[in-house]
Amino acid sequence: MNRVSPATDSASTVTPSSSCRIDHGGSADEYRAAHETLKANREIWPSLSFAGLQHDGAGGLVELRHCPSCQSTLARPIAQSEALFLCESQAELAVRSKLALAEANEASCWAQSPRKIDRP
Ligand SMILES: [Zn+2]
């Protein structure tokens, strides 16, 4: 039996990938079914670790995410408009992270430098 925890379909619940545990079962079919359950769950899918986008070979796109239990890369079709939004969100996250890195570096340099006080 495949289970995804927590087993809720509440639209208000977003499950962080770190707390999502699945039971893959004992067969390839159960394993596949567990992954299909992850792909079909609208709350859990976006919380899984993002692994990029890929062309599907037929003019479409698939979104790649990692299974929280076995780290397999799972693929699910994504509309181009959603893919663009996802790319822009990821790019914005990278820019904010680089800014935080630069600010932390600057603050570290400031904290370690001797303060000079100009006195007449
Ligand atoms: Zn898995």
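# Exercises on a predicted chain

L53 stands opposite E63 in β4, where strands (E, at least two residues) and helices (H or I, at least four) are DSSP runs numbered from the N terminus. The structure is a predicted model, in which local features need pLDDT of at least 70 and side-chain atom pairs count only at pLDDT 80 or more, while totals for chains, interfaces and linings use all residues. Residues are numbered from 1 along each chain as its sequence is written.

## Exercise 1: confidence and outline

Task: find the mean pLDDT of the protein chain, and state which pattern of helices and strands the chain follows along the sequence.

Solution. Begin with pLDDT, which is the predictor's confidence in each residue, from 0 to 100. The mean for the protein chain is 84, and 78% of its residues reach 70 or more. Over residues 5-18, however, the pLDDT is below 50, and this stretch has 17 contacts in the model beyond near neighbours in sequence; two residues are in contact if their C-beta atoms, placed from the backbone, lie within 7 Å. Next, list the elements: there are two helices and five strands, and read along the sequence they give β-β-α-β-β-β-α.

## Exercise 2: the sheet

Task: work out in which order the strands of the three-stranded open sheet stand, and which strands are at its edges.

Solution. The order is β3-β4-β5, with antiparallel pairing, where two strands pair if DSSP finds at least two bridges between them. The edge strands are β3 (50-55) and β5 (73-78), each of which pairs on one side only. Neighbouring strands of this sheet are turned by 30° against each other on average, direction ignored; the axes are lines fitted to C-alpha atoms, for helices over the stretch in contact, and angles run from 0 to 180 degrees between N-to-C directions.

Now take the pairs in turn. Five bridges join β3 to β4 (residues 61-66), and Q54 has V62 in β4 as its bridge partner. Six bridges join β4 to β5, with L61 partnered by I78 in β5 and E63 by R76 in β5. E63 thus appears twice in this exercise set, since L53 stands opposite E63 and R76 is a bridge partner of E63.## Exercise 3: the turns

Task: identify which residue takes a positive phi in each of the two hairpins.

Solution. In the hairpin of β3 and β4, with five residues between the strands, G57 takes a positive phi near 85°. In the hairpin of β4 and β5, with six residues between the strands, Q71 takes a positive phi near 65°. Q71 is not a glycine. Most residues other than glycine have a negative phi. Q71 counts as exposed, because 9 C-beta neighbours lie inside 10 Å; a residue is exposed if 12 or fewer other C-beta atoms lie within 10 Å of its own, buried if 20 or more do, and partly exposed in between, with C-beta atoms placed from the backbone.

## Exercise 4: L74 and helix α2

Task: is L74 buried, exposed or partly exposed, and how many residues of α2 are buried?

Solution. L74 lies in strand β5 and counts as partly exposed, because it has 18 C-beta neighbours inside 10 Å. Leaving aside neighbours within four places in sequence, L74 is in contact with H35, L38, K39, R65 and C67. Among them, K39 is 35 residues apart from L74 in sequence and 7.6 Å apart in space, C-alpha to C-alpha.

Turning to the helix, α2 (residues 80-112) has 33 residues and reaches 48 Å from its first C-alpha to its last. That is close to the 48 Å expected at 1.5 Å a residue, the expected span being 1.5 Å times one less than the number of residues. α2 lies across β3, β4 and β5, running at about 45° to β4. The number of its residues that are buried is zero, so α2 lies largely in the open. For the protein chain of 120 residues, 8% count as buried.
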